[in-house]
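Please open the structure in your viewer and keep the selection panel at hand. The tour below suggests what to select at each stop and then describes what is there.

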Amino acid sequence: VDGHTVVYLEGGSGESLVLIHGFGANKDNWLQIAPLLTPHYHLVIPDLPGFGESTRSDSATYSADDQLRRLRAFVENLGLDGIHLGGNSMGGWLAGLYAARHPSEVKSQWLLAPAGVASAQPSVLFEGIERGDNALLVESPKDFSRLMEMCFTKVPYVPQAFSRCLCEQNMRDQPFNAKIFDELAVEPPELEQELADSEVKTQILWGDGDQILHCSGAAILGAVLRNAQTIVMEKMGHCPMLERPQETAHLYLKFQGIA
């Protein structure tokens with residue numbers, strides 16, 4: 001896709017549900033919740049270009065519009081027709097933009113703490129960024145530990161060997177992540193404007209303890225969408241599908257009339 005090789009996970013049966021990871025993350029962020037969804041959906045979970053095992057290019061740009069164009073080409077190349085679309089953080093932003101701009105192609109959208117809600121209150125992360133301290137760009141083990149604490153109200157258990165590998169991967173990816181972050185920040189599309197009066201069936205899930213993106217974004221999006229269910233989960237951080245996958249899957253399947 002657009003000069004990139006896109007690596008993706010696929011499994012399950014039913015209507016297609018495409019799940020998009022957040023900034024600095026990858027397709028594996030959905031592995032805890034995937035087995036709870038595959039009895040009901042055909043899951044397709046890509047590494048966005050520039051992340052995970054997909055290729056990256058110093059000469060390419062990775063703005064929201066660039067990535068949205070690539071995401072749509074990926075969906076078309078797989079021959080997926082009439083998809084359900086979900087995403088967390090940056091992935092939720094892209095999912096929302098996709099649904100806003102191509103509503104006839106999206107049966108429903110699932111927005112888990114999506115980025116791009118410009119009028120939301122500043123989060124702990126963005127207060128730091130204003131001071132020149134971007135916690136998403138990991139340069140040391142200490143930075144990695146801080147990021148984990150910011151992403152979760154209760155950090156899921158990860159064996160030390162795996163945690164060390166994840167830390168090293170984040171440190172190794174830091175320069176390219178910095179490039180992508182800067183490109184995402186140039187005239188970013190505002191999700192509440194793009195989705196204003198959208199009739200796409202939507203579930204918005206947000207954690208009340210989210211330090212990455214302030215949960216005030218949930219009510220803002222819920223107010224502009226015509227067919228939205230908004231849930232703010234108590235004692236929840238930025239990644240519901242990782243922190244409490246069983247509850248998160250149940251809420252989604254109930255929303256879809258399955259659970």
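The stops that follow go from a strand to its neighbours, then to two loops, a helix, some charged pairs and a patch on the surface.

This is a predicted model, in which local features need pLDDT of at least 70 and side-chain atom pairs count only at pLDDT 80 or more, while totals for chains, interfaces and linings use all residues. Residues are numbered from 1 along each chain as its sequence is written, and side-chain values use heavy atoms, with hydrogens and water left out.

**Stop one: strand β4**

Select residues 83-88, which make up strand β4; helices (H or I, at least four residues) and strands (E, at least two) are DSSP runs, numbered from the N terminus. Are the residues of this strand buried or exposed? The strand is mostly covered, since 6 of its 6 residues are buried, where buried means under 20% relative accessible area, exposed means over 50%, and partly exposed lies in between (1.4 Å probe, protein chains only). In a regular strand the side chains alternate between the two faces of the sheet. Colour I83, L85 and G87 for one side of β4 and H84, G86 and N88 for the other, and you will be looking at two faces that are both covered.

Now add residues 15-20, strand β2, which runs parallel to β4 and is joined to it by 4 bridges; two strands pair if DSSP finds at least two bridges between them. Within this pairing, V18 stands opposite L85 of β4. Next add residues 106-112, strand β5, which also runs parallel to β4 and is joined to it by 6 bridges. Here H84 has S108 in β5 as its bridge partner. To follow the chain from β4 to β5, trace it through helix α3 (residues 90-101), a β-α-β crossover that is right-handed, meaning that, with the strands pointing away from the viewer, the path from the first strand over the helix to the second runs clockwise.

**Stop two: two residues with positive phi**

Most residues other than glycine have a negative phi, and most peptide bonds are trans. Select S89, in the loop between β4 and α3, where phi is positive at about 60° although the residue is not a glycine. S89 counts as buried because its relative accessible area is 10%. Then select K235, in the loop between β7 (228-233) and α9 (240-243), which likewise is not a glycine and has a positive phi, near 50°. K235 counts as exposed because its relative accessibility is 68%.

**Stop three: L251 in helix α10**

Select L251, which is found in helix α10 (residues 245-255) and counts as buried because its relative accessibility is 18%. Which residues does L251 touch, not counting residues up to four places away in sequence? They are Q203, L205, I231 and M233, where contact means heavy atoms within 4.5 Å. If you draw a distance from L251 to Q203, C-alpha to C-alpha, it should read 9.1 Å, although the two are 48 residues apart in sequence.

**Stop four: salt bridges**

A search of the whole structure finds 16 salt bridges, each being a side-chain nitrogen of Lys or Arg within 4 Å of a carboxyl oxygen of Asp or Glu. Show the side chains of D2 and R70, which meet in a salt bridge at 2.8 Å, N to O. This pair links distant parts of the chain, with D2 in the segment before β1 (8-11) and R70 in helix α2 (residues 64-77), 68 residues apart. D2 is partly exposed at 44% relative accessibility, whereas R70 is buried at 4%.

Staying in α2, select R69 and D66, whose side chains meet in a salt bridge at 3.1 Å, N to O. Because they are 3 residues apart in helix α2, about one helical turn separates them. Show D2, D66, R69 and R70 together, and you have a network linked by salt bridges.

**Stop five: a patch on the surface**

Finally, switch to a surface view and select V158, F162 and L166, which form a nonpolar patch with about 270 Å² of accessible area together. Such areas come from the Shrake-Rupley method with a 1.4 Å probe, and for residues only the protein chains shown count as cover. Patches are made of residues with over 30% relative accessible area and no salt bridge, like charges being joined within 9 Å and nonpolar side chains (Val, Leu, Ile, Met, Phe, Trp, Tyr) within 5 Å. L166 lies in helix α6 (residues 160-184) and counts as partly exposed because its relative accessibility is 36%.
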